[in-house]
Amino acid sequence: MTASETKNTPTSQIGTDIKNGSLDKVLNRLKQRFEQVARARREHAQVLVDAKQLVINRANSGQCPKCGSNNLQAVHSATQKGFSDTGACSGCCCLGPVGLLCGFCGSGKKQEQSYRMCLNCGNKF
Ligand SMILES: [Zn+2]
């Protein structure tokens, strides 16, 4: 049996087999299907692991995790931070009036950010 035959077993074929009373054939087909699904799942899981490992490897070797380019630029940005609406809002939800004060605490502080930017694909990380 070839790979393409096992891959596209028509459901109608199974019905025909049941009518013909060849239960073994049906069971075999079902078993093959289950094995296919299990194999596909294993392969999919492996792809995910590989992708994760690839990102880790690229990060370790100083490459862009997205495209693997070495064409990176370190970017430093400093922004003057005013009263943070979002900070106060989320703080308010979590901590009540104390959270509102937290929003004020952050005001006027200089926030520095440094990250790397890929000049190839524009990915920031
Ligand atoms: Zn990139």
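Here is a walk through this structure, from the whole chain down to a single residue.

Keep in mind that this is a predicted model, so let's start with how confident the predictor is. Averaged over the protein chain, the pLDDT is 78, and 67% of the residues reach at least 70. That confidence isn't spread evenly: helix 3 has the highest mean, 93, while helix 4 (residues 85–95) has the lowest, 50.

Now for the overall layout. The protein chain has five helices and two strands, and if you read from the N terminus they come in the order α-α-α-β-α-α-β. Of its 125 residues, just 2% are buried. Still, parts of the chain that lie well apart in sequence do meet: among contacts with a separation of 6 or more, 58% link residues at least 24 positions apart.

Next up is helix 3, which covers residues 23–60. How far should a helix like this reach? At 1.5 Å a residue, its 38 residues should span 56 Å. The C-alpha atoms at its ends are 55 Å apart, so expectation and model agree. Is this helix tucked away or out in the open? The number of buried residues among its 38 is zero, so helix 3 lies largely in the open. After the helix comes G62, which has a positive phi, near 70°.

Moving along, you get to the loop between helix 3 and strand 1 (72–80), and that's where S69 sits. S69 has 14 C-beta neighbours inside 10 Å; being buried takes 20 or more and being exposed means 12 or fewer, so S69 counts as partly exposed. Which residues does S69 touch, once you skip its neighbours within four places in sequence? They are Q63, C64, C118, N120 and C121. Take N120: it is 51 residues away from S69 along the chain, yet the C-alpha atoms of the two are separated by 6.5 Å.

Finally, look at the two strands. Strand 1 pairs with strand 2 (residues 110–118) in the antiparallel sense, over nine bridges. For one example, find A74, whose bridge partner in strand 2 is R116. Strand 1 is hardly covered, too: of its nine residues, the count of buried ones is zero.

Notes:
Residues are numbered from 1 along each chain as its sequence is written. This is a predicted model: local features need pLDDT of at least 70, side-chain atom pairs count only at pLDDT 80 or more; totals for chains, interfaces and linings use all residues. Helices (H or I, at least four residues) and strands (E, at least two) are DSSP runs, numbered from the N terminus. The expected span of a helix is 1.5 Å times one less than its number of residues. pLDDT is the predictor's confidence in each residue, from 0 to 100. Two residues are in contact if their C-beta atoms, placed from the backbone, lie within 7 Å. Two strands pair if DSSP finds at least two bridges between them.
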